[in-house]
Amino acid sequence: MNGSISISNLNVWFESNHALKNVNLNIGKNEITAIIGPSGCGKSTFIRCLNRMNDIIPKCKVEGRIEVDGEDINDPRMDVVEVRRRIGMVFQKPNPFPKSIHENIAYAPRLHGMEQGRTDMRSEPKTRKYTKKEIDELVEWSLKRAVLWDEVKERMNKSAYNLSGGQQQRLCIARALAVKPEIMLFDEPCSALDPIATAKIEDLLVDLKKDYTVVIVTHNMQQAARVADRTAFFYLGELIEFGETEQIFEKPQQKLTEQYITGRMG
Amino acid sequence: MKMTSRLVFQNELEKLNEEVARMAGLANQAIEAAVRCIVDKDARLKPEVERLDREIYSLEQVIEKHCLDVIALHTPVASDLRTVSTCLKIITDLNRIGRYASDIVESYEVLAGSNDFARMVNIDHMAELVVGMVTDATQSFIKRDPESARQLFERDDEVDCLYDTNFRAVVTYMIEDPRKITAGTHIILVSRYLERIADHSCNIGERVWYMVTGERLNPKDRKKDRGSCNADIREIPGYGGSSHELEEK
Amino acid sequence: MNRMFKERLLFLLFRLCALVVVATLVILVGYVVINGIGVISWSFLTEFPKKGFTAGGIFPAIVGTLYLIALVLVIAVPIGVLTAVYVVEYSDQPLIDGERVRAWMRREAMALHLRANAEPKRPAKARKPRKRGSQRMFYRVLRIVITNLAGVPSIVYGLLGFGALVIFFNLGMSLIASAITLAFLVLPLVITASREAIEAVPSSVREASFALGATKWQTIRSHVLPYSIPGILTGVILSISRAAGETAPILLTGAVVLKQTLPDSIFSSYMALPYQLYALATQYSDATRPMQYGSALVLLLMVVGLNLVAIIVRNRYRAKYRW
């Protein structure tokens, strides 16, 4: 299992709007890569390409190679369900299912079953059904990993909507972790949360990178500066600069990057 | 990005700049006055220098707080961060310059009252160089000109050389005539202070280089080989080893 | 005229309107209840009518109506819900055959309707071969068709049922013919209510499900449909009321005035409360009046009762899946 992503010549169109122009990027494994840029620069579009969520949008056209573990996920022969299983996503607004906490997490593993040997992403892997005990253990493991177990272990059967915003978002993270992905994508995960909840999630991200490759889109530059190993700056659909976070924030190479991070843009 | 907070930030940066420039101007004044005081034996300048030193000291505290406020509230990055950190470091150097200027004028009484060293050995020349260096260092900060910062290092070498020469000359004279020891020590002290001021000016230049380019200067560029010092021991007219001709100035 | 006065005047007007509505309802229901309550008894509900509808009970009509409602729901709800699912979830995908067949069936039905009535209901659709680009057009037209179906007079449905189902498909005057006819009548209600319920499910839930690796159908089955149940049940409630109460469609397709036995299969004719009411009121003597009121009251109570059950179920689902 590798977990690095190699993006070459990625172009995305929404009808006639050229939303992403020739993006080339290499995302390292077990690293946190942050995507920053002003509104409308294409960062959400970019991250949604990485797990083919843009397929849901009817007017969207994607071209280019996105290689994960050497396989191009844009290849029409790829099983998109398998792609999405290996590359999990957490969204901007916490979106737990209106079910119990336990059900939220158990849903996906129950759907897929336990993998028996990882195969490529072209086909469904062989799986067997989880037993109830395994499901319970998996739920507990996911919640512990997302640092939520202690707060909810007494109310696993209560609705997820009773949790606070930060707790709901950690629930969504736990839910994504339960299918054992290799790569985790976060689309502005803290933008709807208060500073304390944000800090908890940032700590969680740094912990997650030990086992997963993390890509996070954020409009909060300080957040990128705090947690990311490498940062990519997008502007009007193009990748302007990509490098170590320290370098981007102390000595950016491109004038546009400097303008953006010092707040002198727009 | 809220435009309003960046406007406030820009204002703060400008104010910071002005404050540091003002402090630099004061330091300039202080060293000039100190040198005039000692060389031209002008007693009125001593309290002036001391007053300037006090002002420089309190200004350093004000500016330091100001820098920390900017960092805490506005989280500067990239070139802004370099500017603020440069300000923080430069004020230390400027404060030291002010302090040394004040130290220099402490020797005024001794040196003014003594004719042992008819013409201060090389002090004039050194003082002129050093005043020029301080001026150039502060100008390079105000104008954000890294090149003139670079040129400071050559003159620092010259100042170091002059200091060495002075030191040896004065020690020689002190050995020859023990009555000159008090005055001689003070001359050495003044030389030393001038040499230190030159070093601090170079520090300022180094910081300006970093602020503008983001690179650090190679330390080897700073210190040339001390052994190749070519300054002459300037002959002092009327001082050919006899202790009776000190009347002549 | 100052503002406060205007406010109060308007509110008074609103209250009067509401009062008129409530009063009408009360009077209507009250009239039926008062006249019918005396007739209701256990024997009334469980016996067959005797002596030319002047004695006995209305048991077969009750049974017939219940069968009918059940059949209509069984036919209309799955078709309606799945059509709604298709329209909402799959409208970006190319047409599949089932939909084409349904569309064809609807066109044939409209053609029949056009032949039956002198003036056309709406202009006939063009029959060019369908290109990809005109797919959106198709869905707009589909929505218009569905809405219009709701406006078709029920007697027209009756004629349609008679011509197509009773005669052409040779189903005869039967429960199934009536059920199919009524199913088409209530289909727009079910589709519209279901569609609105499905559209109300926020897309964030769908996205979350997709991101976890669920297929479209898995997402619909596990998340979209369950959360739409309250809305679907609203459609069901409306359908029950219409299916139970419509007279014109059933009189042409299977309801009979009197039958000595209960319907033994879906292909047999049956008795139904609305038709019985109509028949008694128009063709029988005043001596049957008690039975008429009794039927009316029973019909009312049946519909209210069934609706209540559906409302209770809907409320339970609403509580379960609180947003």
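**Exercise 1. Find which residues Leu185(A) is in contact with, leaving aside its neighbours within four places in sequence.**

Step 1: get the rule straight. Two residues are in contact if their C-beta atoms, placed from the backbone, lie within 7 Å.

Step 2: list the partners. Leu185(A) touches Ile47(A), Leu50(A) and Asn51(A), and also Ile87(A), Gly88(A), Met89(A) and Val215(A).

Step 3: know what you're looking at. This is a predicted model, where local features need pLDDT of at least 70, side-chain atom pairs count only at pLDDT 80 or more, and totals for chains, interfaces and linings use all residues. Residues are numbered from 1 along each chain as its sequence is written, while chains are lettered from A and ligands numbered from 1 in the order in which they are written.

**Exercise 2. Place Leu185(A) in a nonpolar core.**

Step 1: define the core. A nonpolar core is a set of buried Ala, Val, Leu, Ile, Met, Phe, Trp, Tyr and Cys residues joined through C-beta atoms within 7 Å. Buried means 20 or more other C-beta atoms within 10 Å of a residue's own, exposed means 12 or fewer, and partly exposed is in between, with C-beta atoms placed from the backbone.

Step 2: the largest core has 82 residues, and Leu185(A) is among those with the most contacts inside it, along with Ile35(A), Ala174(A), Ala176(A), Val214(A) and Ile216(A). Helix α6(A) supplies the largest share of this core, 6 residues. (Helices, H or I of at least four residues, and strands, E of at least two, are DSSP runs numbered from the N terminus.)

Step 3: a second, separate core has 69 residues, including Ala61(C) and Tyr227(C).

**Exercise 3. Work out the strand order of the open sheet of 6 strands in chain A, and explain its edges.**

Step 1: the order is β6-β9-β10-β3-β11-β12, with mixed pairing. Strands count as paired if DSSP finds at least two bridges between them.

Step 2: β6 and β12 of chain A are at the edges with a single partner strand each, so one side of each has no neighbour in the sheet. From one strand to the next, the twist averages 15 degrees.

Step 3: zoom in on one pair. β11 and β12 of chain A run antiparallel over 6 bridges, and Phe234(A) sits opposite Leu239(A) in β12(A).

Step 4: add the helix. α1 of chain A (residues 43–50) packs on the sheet, touching β3, β6, β9, β10 and β11, and its direction makes about 155 degrees with that of β10(A). Axes here are lines fitted to C-alpha atoms, for helices over the stretch in contact, and angles run from 0 to 180 degrees between N-to-C directions.

**Exercise 4. Describe the side of chain A that touches chain C.**

Step 1: count. 23 residues of chain A contact 18 residues of chain C.

Step 2: α2, β6, α3 and α6 of chain A each give two or more residues to this side, and α3(A) gives the most, with 4 residues.

Step 3: sort by type. There are 14 nonpolar, 5 polar and 4 charged residues. Ala, Val, Leu, Ile, Met, Phe, Trp, Tyr, Cys and Pro count as nonpolar, Asp, Glu, Lys and Arg as charged, and the others, Gly among them, as polar.

**Exercise 5. Describe chain B and the backbone of Arg144(B).**

Step 1: chain B has 8 helices and 0 strands. Of its 249 residues, 37% count as buried.

Step 2: Arg144(B) lies in the loop between α5 and α6 of chain B. Its phi is near 55 degrees, a positive value in a residue other than glycine.

Step 3: Arg144(B) is exposed, with 12 other C-beta atoms within 10 Å.
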